[in-house]
Amino acid sequence: WGFRDYPAALEEFTAALRSRPNDADIIEAIGLIERRQGRWTQALRTQRHAGELEPRSTDIALQGAETACMMRRFADCAEIADRMIRIAPEQASGYFFRSLVILQSRDAAAALRVLHEGLERSDRQHLLAFAWPQFVWLGTPEDRAALAALPVAAFGSDTVEYYASQGEARLALNDSARARVLFDSMRASSARRVRRYPTDDAAHSALGIAYARLGRRADAVREG
């Protein structure tokens with residue numbers, strides 16, 4: 001898995017499953033590999049099975065909700081998100097996915113209400129970092145200021161996501177000079193990731209976005 005050799009990783013987890021057929025963590029890992037391989041329907045089925053074995057695991061539920069949303073199976077995503085909020089209201093991810101589902105009906109005010117509920121009930125910094133695009137585009141000036149004040153540690157080791165969120169928040173707050181500095185940091189961090197993983201589409205996409213925000217059209221098109 002760490003070396004992105006998904007067939008080999010799948011073999012290892014499948015072998016482990018033979019001796020531990022009801023191990024939800026192993027089944028979840030298989031679902032993640034299936035998702036990486038583009039086997040979306042099977043991945044969701046596998047992740048749902050893991051969730052049935054460990055119904056109170058928010059980590060497993062998070063992966064299932066993410067898969068369902070990426071497949072645009074919003075009814076499935078809503079069901080999982082509601083269960084996450086019910087069993088672990090202090091966890092930010094349930095509010096994030098519930099707001100994504102609501103946005104499909106174009107009710108931005110309702111989606112923001114769910115996010116504000118999450119800010120009151122869950123880890124505030126985690127939710128701001130997890131749902132930063134919604135707070136940039138839907139949030140109040142106070143939400144954006146709170147986002148702009150987040151430390152890099154709120155994003156774990158993902159400096160690209162940190163610089164992207166901070167740049168967009170600063171643009172929304174009309175601080176274009178600071179935003180440009182942050183997008184240049186995003187460019188540098190994304191470029192390092194591209195050099196390390198030259199076939200990583202997400203890294204190229206992030207680099208393209210950074211170039212676009214810096215006004216470097218040709219570079220953005222090349223990476224995009």
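**The largest pocket and the helices around it**

Among the elements that line the largest pocket of this predicted model, helix 13 makes the greatest contribution, supplying six residues. The pocket holds about 1800 Å³ of space, and its lining is made up of 42 residues, of which Arg36, Glu66, Asp158, Arg193 and Ala202 lie nearest the centre. Two or more lining residues come from each of helix 2 (24-36), helix 4 (58-70), helix 6 (93-103), helix 8 (124-130), helix 9, helix 11, helix 12 and helix 13. By residue class, the lining of the largest pocket divides into 25 nonpolar, ten charged and seven polar residues.

Helix 4, one of the elements that contribute to this lining, has 13 residues, for which a rise of 1.5 Å a residue predicts a span of 18 Å; the C-alpha atoms at its ends are 18 Å apart, so the expected and computed values agree. Because ten of its 13 residues are buried, helix 4 is largely enclosed by the rest of the structure. The buried positions are Thr58, Ile60, Ala61, Leu62, Gln63, Gly64, Ala65, Thr67, Ala68 and Cys69, and the elements that cover them include helix 2, helix 3 (40-53), helix 5, helix 6 and helix 8. At the start of helix 4, a side-chain oxygen of Ser57 comes to within 3.2 Å of the backbone nitrogen of Ile60.

Just after helix 4, Arg72 adopts a positive phi of about 60 degrees, although this residue is not a glycine. Arg72 is placed in the loop between helix 4 and helix 5, and with a relative accessibility of 58% it counts as exposed, since the cut-off for that class is over 50%. A second arginine, Arg83, is found in helix 5 (residues 74-87); at 16% relative accessibility, Arg83 falls under the 20% limit and therefore counts as buried. When residues up to four places away in sequence are left out, Arg83 touches Pro55 and Ala61, and Ala61 is itself among the buried residues of helix 4.

Helix 11 (residues 159-172) also contributes to the lining of the largest pocket. For its 14 residues, the expected span at 1.5 Å a residue is 20 Å, and its end C-alpha atoms are 20 Å apart, which agrees. The buried residues of helix 11 are Val160, Tyr162, Ala164, Ser165, Gln166, Gly167, Glu168 and Ala169, and these pack against helix 9 (132-138), helix 10 (141-148), helix 12 (176-196) and helix 13 (201-213). The N-terminal end of helix 11 is capped by Asp158, a side-chain oxygen of which lies 3.4 Å from the backbone nitrogen of Val160; Asp158 is also among the residues that lie nearest the centre of the largest pocket.

Just beyond helix 11, Asn174 takes a positive phi of about 65 degrees, a positive value in a residue other than glycine. Asn174 belongs to the loop between helix 11 and helix 12, and at a relative accessibility of 71% it counts as exposed.

Helix 10, against which the buried residues of helix 11 pack, has buried residues of its own, namely Asp143, Arg144, Ala146, Leu147 and Ala148. The elements covering these residues include helix 7, helix 8, helix 9 and helix 11. A contact between helix 7 and this region is illustrated by Leu112, which lies in helix 7 (residues 108-121) and is buried, with a relative accessible area of 12%. With residues up to four places away in sequence not counted, Leu112 touches Leu138, Gly139 and Asp143, the last of these being one of the buried residues of helix 10. Leu112 and Leu138 are separated by 26 residues in sequence, while their C-alpha atoms are 6.6 Å apart in space.

Thr14, finally, is placed in helix 1 (residues 6-19) and is partly exposed, with a relative accessible area of 32%. Thr14 and Arg213 are 199 residues apart in sequence, and the distance between their C-alpha atoms is 44 Å.

Notes
Residues numbered from 1 in each chain as written. Predicted model: local features only at pLDDT ≥ 70, side-chain atom pairs only at ≥ 80, totals over all residues. Heavy atoms only, no water. Helix = DSSP H or I, 4+ residues; strand = E, 2+ residues; numbered from the N terminus. Expected span 1.5 Å × (residues − 1). Buried < 20%, exposed > 50% of the residue type's maximum accessible area, 1.4 Å probe, protein only. Contact = heavy atoms within 4.5 Å. Polar contact = N/O pair within 3.5 Å; in protein donor to acceptor, adjacent residues only side chain to side chain. 1 Å grid on protein atoms, 1.4 Å probe; cavity = no way out; pocket = protein on both sides within 12 Å on 5 of 7 lines; lining within 4 Å. Points joined across faces, edges and corners; volume = space filled by probe spheres on them. Nonpolar A, V, L, I, M, F, W, Y, C, P; charged D, E, K, R; others polar.
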